[in-house]
There are 4 protein chains.
Amino acid sequence: MNAPIQKKGMSVPKTMKAWVLDGPERLRLTEKPVPEPGPAEVLVRVDAVAICGTDVEILTKGLPAMIGGGLPFNKNFTPGHEYMGTVARLGAGVDEWRVGDRVAVEVHAGCGRCERCRMGMYTSCLNYGLNYGESSKGHRANGFTTDGGFAEYAVNQVNTLIHVPEGMSDEEATLIVTAGTATYGLDVLGGLIAGESLVVTGPGPIGLMSVAVAKALGAQPVILTGTRDARLSLGKRLGADYVVNIRKEDPVEAVRRITGGKGVHYVMECSGADNALNEALDMVNRGGRICLAAFPGERVPVDLAKLVRNNIYVYGIRGEGKSAVHRAAALMAQKRFEAKLMHTHTFGLEDLPTAFKYFRERIEDAIKVVVKVHGPKNP
Amino acid sequence: MNAPIQKKGMSVPKTMKAWVLDGPERLRLTEKPVPEPGPAEVLVRVDAVAICGTDVEILTKGLPAMIGGGLPFNKNFTPGHEYMGTVARLGAGVDEWRVGDRVAVEVHAGCGRCERCRMGMYTSCLNYGLNYGESSKGHRANGFTTDGGFAEYAVNQVNTLIHVPEGMSDEEATLIVTAGTATYGLDVLGGLIAGESLVVTGPGPIGLMSVAVAKALGAQPVILTGTRDARLSLGKRLGADYVVNIRKEDPVEAVRRITGGKGVHYVMECSGADNALNEALDMVNRGGRICLAAFPGERVPVDLAKLVRNNIYVYGIRGEGKSAVHRAAALMAQKRFEAKLMHTHTFGLEDLPTAFKYFRERIEDAIKVVVKVHGPKNP
Amino acid sequence: MNAPIQKKGMSVPKTMKAWVLDGPERLRLTEKPVPEPGPAEVLVRVDAVAICGTDVEILTKGLPAMIGGGLPFNKNFTPGHEYMGTVARLGAGVDEWRVGDRVAVEVHAGCGRCERCRMGMYTSCLNYGLNYGESSKGHRANGFTTDGGFAEYAVNQVNTLIHVPEGMSDEEATLIVTAGTATYGLDVLGGLIAGESLVVTGPGPIGLMSVAVAKALGAQPVILTGTRDARLSLGKRLGADYVVNIRKEDPVEAVRRITGGKGVHYVMECSGADNALNEALDMVNRGGRICLAAFPGERVPVDLAKLVRNNIYVYGIRGEGKSAVHRAAALMAQKRFEAKLMHTHTFGLEDLPTAFKYFRERIEDAIKVVVKVHGPKNP
Amino acid sequence: MNAPIQKKGMSVPKTMKAWVLDGPERLRLTEKPVPEPGPAEVLVRVDAVAICGTDVEILTKGLPAMIGGGLPFNKNFTPGHEYMGTVARLGAGVDEWRVGDRVAVEVHAGCGRCERCRMGMYTSCLNYGLNYGESSKGHRANGFTTDGGFAEYAVNQVNTLIHVPEGMSDEEATLIVTAGTATYGLDVLGGLIAGESLVVTGPGPIGLMSVAVAKALGAQPVILTGTRDARLSLGKRLGADYVVNIRKEDPVEAVRRITGGKGVHYVMECSGADNALNEALDMVNRGGRICLAAFPGERVPVDLAKLVRNNIYVYGIRGEGKSAVHRAAALMAQKRFEAKLMHTHTFGLEDLPTAFKYFRERIEDAIKVVVKVHGPKNP
């Protein structure tokens with residue numbers, strides 16, 4: 001943790017170091033003006049930022065469909081969305097936060113004026129990407145459509161901040177948003193999961209967090225499927241009651257075996273594998289529910305007959321809605337699971353390319369790779 | 001309508017005429033004992049019964065996955081589930097109904113003791129098909145797993161009966177359960193649809209009923225897509241604000257055109273076409289919802305990335321849950337739409353094979369083909 | 001209806017006539033600057049505005065608890081919230097509306113940044129009343145905490161506007177928000193009310209609208225209770241299946257009689273009578289739900305034992321949440337009920353005190369008294 | 001724990017010892033035939049049964065409103081509903097349970113055929129009390145309308161049984177149903193309570209369990225109010241973040257102090273105090289929710305204006321619906337809280353009057369007083 005900032009008068013420079021995306025695979029470290037927070041916004045000094053699989057997608061493909069006005073290349077755009085830091089300056093009318101507050105972030109600040117935002121679905125904002133010029137609607141998705149956290153400072157809307165619990169390291173705090181996505185998925189599946197059965201497919205960060213949050217909320221049994229024993233073993237440490245290595249056992253048969261043939265109430269799909277939804281349809285019982293937090297790159301064959309005949313609901317989730325990040329942060333503050341087991345590596349801001357390399361190639365079994373921007377590193 | 005039965009002392013014969021299914025495409029008219037209603041059951045004199053697409057499936061394939069204990073062939077099984085009639089006899093402890101009551105029926109009587117039934121999801125009963133012998137759990141799905149309505153009499157659990165509104169013909173009353181399925185789909189999509197936009201894909205009976213019920217509940221606009229102008233024209237008479245013949249215009253483009261590029265809130269998929277779900281994913285806006293009331297026979301490629309990225313929920317529905325049949329019957333009693341426009345042909349019980357032929361081959365544009373079992377035919 | 005405004009270049013004066021509230025019962029007509037719409041806001045030329053019971057409360061008591069910073073007296077405050085008009089000018093970044101659009105309004109524009117707004121409960125905004133100076137959070141409740149519609153122009157946040165359906169008179173359009181409150185109440189009660197039974201207690205504007213909307217959505221039966229035959233008779237014309245004059249018959253007994261002793265699913269309490277909640281508790285069946293849209297001025301004795309023992313839920317509603325005004329407007333656009341039956345009198349802006357007198361003293365059976373600010377009066 | 005019963009062939013006597021209620025305060029130990037389980041029922045050998053406040057009400061007043069056919073006196077009626085035991089015999093068609101299973105119980109087995117049961121609200125069964133003779137609908141509320149657990153054996157419907165987790169003592173298992181009521185209340189309040197704030201008023205068994213379950217689910221902060229320091233201290237051990245002795249501090253002011261003036265999201269009212277609802281209305285923030293699990297004996301003055309103006313929902317709960325007992329049992333199996341702290345005394349079946357005396361007079365700070373019917377006592 002860093003030394004606390006003086007509540008009044010935190011010294012903020014005029015310019016800052018920031019990575020920008022010039023083209024596919026072309027990250028460049030540059031100097032940018034420190035941005036100014038507007039009304040309902042604050043300036044956050046980025047203390048740490050983790051790398052997410054979506055960052056890799058943006059780095060390579062730019063996610064054109066998601067960016068208002070096309071690809072983010074050669075636009076001085078700074079990616080990075082799993083960051084945390086310290087409130088450094090307040091925009092006009094902000095009294096929800098104080099300079100010096102340690103904060104983690106959510107990605108999505110909805111416009112607040114479209115139909116979806118008005119009904120509370122701010123991650124499905126219909127004005128996604130509109131934050132610039134005449135057509136600005138105030139939407140922000142930091143690291144996607146507005147500048148993110150691979151930099152020394154970033155601007156956040158007040159709705160996208162969460163207090164970092166006391167005693168939690170900067171590195172662990174970068175994982176709050178991941179836990180929030182997992183929590184959102186479990187919320188969407190029904191929320192009342194204590195004593196109910198869940199399969200989590202895919203032991204990536206969101207999958208592992210889904211195991212941890214589901215166990216914290218009392219789900220029983222929680223079954224994790226995957227291909228790598230090290231990840232599955234970590235899943236066990238995070239609370240999974242059963243793990244299934246799908247290279248060694250058919251996952252549908254394993255679920256049937258474990259549940260005495262009954263199947264489970266819920267599947268949280270976090271693998272993006274081509275056949276994952278079909279397998280999920282075979283894992284849940286009649287009336288069961290499936291949340292898709294990952295997806296294959298191409299269209300894949302799906303057994304819709306099974307979906308309809310068994311009254312199954314399939315929920316695609318985008319980001320971390322329903323203020324689920326707050327619930328996730330509360331569980332982490334209460335030390336319900338050891339999120340920090342997922343943090344494997346730390347680098348400095350200037351080493352971002354190396355950090356990406358570790359993450360992408362899973363060097364030394366890397367899971368969550370954190371870039372420490374300000375303050376001392378935490379083991 | 002039939003002359004009212006004397007409240008006490010309706011005369012019930014010992015045996016009755018009933019069609020049974022000897023094998024694929026092998027219906028046979030026979031004589032069976034009139035069944036006895038047990039506790040919480042009544043005996044219904046079948047007055048009219050309509051043919052449903054699922055009846056054709058049962059006739060040809062037997063729906064083995066749905067029948068407890070395998071195919072229904074050569075088991076003296078009587079199909080038929082869209083029937084209505086008159087309460088002829090009460091089982092022990094029944095005071096919810098009186099002899100002489102005109103009733104329409106729901107298909108599913110859940111066991112009442114499994115987890116899904118206990119949470120109100122009786123069409124997703126986990127004891128589906130278990131109504132026989134030692135393992136009887138009391139589940140009934142008349143015309144699927146227990147004897148149905150292609151016969152002079154049938155037994156129904158008290159939960160599966162709905163009063164036929166005064167002044168409604170027997171023929172129209174057979175359509176109540178179809179309207180119930182449409183209503184269930186709209187309930188699942190959210191229920192509060194007045195002023196919200198809906199696409200219904202596929203102008204079969206459920207699709208047409210979805211149009212009618214959605215308009216009755218105030219949805220606006222309601223867009224119906226299909227391939228046959230006659231059906232689309234009927235959809236207009238049932239209330240559709242727009243119809244799109246997909247042989248003449250791309251349905252996704254049409255929806256975009258009609259909605260000014262915004263897409264719709266909901267899609268009710270009733271076509272079972274291979275690409276219907278993908279098109280629906282392109283029709284709804286971000287955060288939208290899709291109900292699947294039909295499905296392709298084979299696995300079909302689905303764009304799951306779009307589903308996840310746009311936070312779309314897909315609901316498979318089975319039967320007519322949430323007591324939706326009661327809501328549908330109330331709307332029909334209030335004459336909110338002209339359901340009887342969908343009734344095109346009437347035959348006698350002995351003519352069931354001809355009735356099936358008309359339905360399957362859409363002879364004379366047949367939509368709902370009704371078999372009149374007792375009482376005078378209604379034009 | 002007024003002649004359409006030229007889309008570009010509507011001429012807006014610098015100052016306008018507006019009523020302001022100097023003290024209890026002290027309304028004064030004055031000249032004010034026409035306000036400027038900010039970002040996400042538009043300027044509305046007020047064409048017509050109706051008087052609501054809450055306006056009388058504000059006129060007499062000032063509703064101190066609701067106003068940020070105390071009583072609204074001697075602050076140049078303009079009340080009036082049931083207005084409609086024409087978009088006259090657009091704030092920065094507004095492309096949802098065009099100059100010349102005919103619009104009705106909702107009262108509440110939540111701040112969009114508090115916990116309740118973020119979950120879609122904008123009428124329960126925690127920053128209620130904070131729209132001024134340094135502590136501005138952007139909340140608006142026009143006619144309550146920000147200037148309202150007893151004036152020639154008013155500013156509205158884009159979220160609080162609804163298109164007036166073609167062919168609807170200005171006078172009728174002022175009733176949309178009232179229908180919205182009724183719809184919100186019915187939404188909160190469950191939403192799926194077709195074929196379900198409802199008692200509406202109190203035939204004031206919200207009660208009458210509740211009858212009309214409930215019937216439009218298929219509720220059956222709808223029972224209206226009240227003390228004045230003229231109002232009850234109007235309730236019948238708006239769709240009530242039964243009316244009960246509580247001066248002539250005990251309402252609880254009447255409900256039992258009409259429902260064959262079973263009671264109803266829902267009560268919508270719109271009378272504010274001291275014993276209304278207790279009577280509602282006796283009207284609903286076990287597991288029933290009650291919405292309170294009105295309330296007594298003092299604490300009243302309530303039979304909480306009955307509430308708990310019968311698993312009854314009681315919902316207080318504030319304003320018109322869940323975008324219910326959009327649903328209400330859609331039903332009115334589809335002419336599902338004759339809202340204009342409730343409009344009884346029209347006055348000019350300068351005659352506001354007389355309009356209030358008619359409303360308060362129910363002169364000539366006044367129900368909805370409308371003040372026509374711009375354009376010709378509609379009979 | 002008892003020695004496991006032989007799976008097949010548990011020896012069941014013809015008659016048993018059972019307490020019956022001859023009149024107010026007149027419990028009598030007698031010999032009764034051991035009852036026979038019917039279809040969908042099992043015979044449970046009662047191993048332990050706890051005393052609940054409602055048992056005292058039945059003992060003294062008979063709860064006439066709740067009993068079909070009037071007071072339970074002089075009808076050979078056996079009260080007692082918080083029991084657990086061992087499955088001793090199976091009714092026809094039961095394969096969900098095996099002889100020898102250790103089970104805890106829920107009170108309510110809905111009829112399964114009324115409107116409320118069909119929608120999953122089985123504790124609000126409209127056929128409450130109808131389990132006898134010609135009008136039998138199959139409803140059971142053991143210890144209320146059908147014979148309960150102050151006896152050696154009792155019959156239970158299969159839906160009302162929960163597996164007792166391995167390693168849990170009989171005494172602790174009697175507390176599962178109490179935890180279930182608390183869980184039902186939290187479910188009704190919204191379910192997604194991690195990180196949300198809750199006040200529990202009244203540290204009786206349900207209040208204490210509400211604290212424990214709410215903390216297990218991540219609520220933060222949980223504030224418990226009461227009058228006795230010993231109980232509040234126990235509340236702390238069960239997880240309460242703050243306790244408030246209302247004899248020493250005004251509870252509304254205390255809640256404002258603890259929450260920094262913001263109030264809480266939820267209140268779970270378990271005291272039945274006359275002013276508890278009004279205080280709760282002052283404790284929750286706008287849009288908050290209150291669950292009433294207790295109630296005053298008489299009508300009490302309630303500030304309905306506050307309820308309506310602040311869009312507050314009040315939920316009366318009856319029993320333990322939504323299968324909440326299963327969630328509660330799962331949390332107890334996972335040892336999320338020390339339920340057994342609430343168990344203070346144990347007596348033998350023949351000492352039931354003494355057990356009641358301890359419970360009613362709170363002798364030696366009695367909280368949960370357990371009667372051990374079979375097997376060794378557990379400290």
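**Exercise 1. Work out how many residues each chain brings to the A–B contact, and how much area gets buried.**

Start with the head count: chain A puts in 45 residues, and chain B puts in 45 residues. Keep in mind that this is a predicted model. Next, the area: about 4000 Å² is buried between chain B and chain A, with 56% of it on carbon and sulfur atoms. Then ask who pays on the chain B side. B:Arg286, B:Arg299 and B:Arg309 lose the most area to chain A, together 18% of what that side buries.

**Exercise 2. Find how many salt bridges link chain B and chain A, and check the pair A:Glu57 and B:Arg309.**

The tally between the two chains is two salt bridges. For the pair in question, the closest N and O atoms of A:Glu57 and B:Arg309 sit 3.5 Å apart. The cut-off is 4 Å, so a pair like this counts as a salt bridge.

**Exercise 3. Count the polar contacts, then describe the side of chain B that touches chain A.**

First, 23 residue pairs are in polar contact between chain B and chain A, both residues being at pLDDT 80 or more. Now look at which elements of chain B supply at least two residues each to that side: among them are helix H4 (176-189), strand E14 (284-292) and helix H9 (304-309). Sorted by class, this side of chain B has 26 nonpolar, eleven polar and eight charged residues.

**Exercise 4. Say how strand E16 of chain A pairs with E16(B).**

Strand E16 (residues 313-316) of chain A and E16(B) run antiparallel, joined by three bridges. To see it in the structure, find A:Tyr315: it stands opposite B:Tyr313 in E16(B).

Notes. Residues numbered from 1 in each chain as written. Chains lettered and ligands numbered in written order. Predicted model: local features only at pLDDT ≥ 70, side-chain atom pairs only at ≥ 80, totals over all residues. Heavy atoms only, no water. Contact = heavy atoms within 4.5 Å. Buried area = accessible area lost by both parts, 1.4 Å probe. Salt bridge = Lys/Arg side-chain N within 4 Å of Asp/Glu carboxyl O. Polar contact = N/O pair within 3.5 Å; in protein donor to acceptor, adjacent residues only side chain to side chain. Helix = DSSP H or I, 4+ residues; strand = E, 2+ residues; numbered from the N terminus. Nonpolar A, V, L, I, M, F, W, Y, C, P; charged D, E, K, R; others polar. Pairing = 2+ DSSP bridges.
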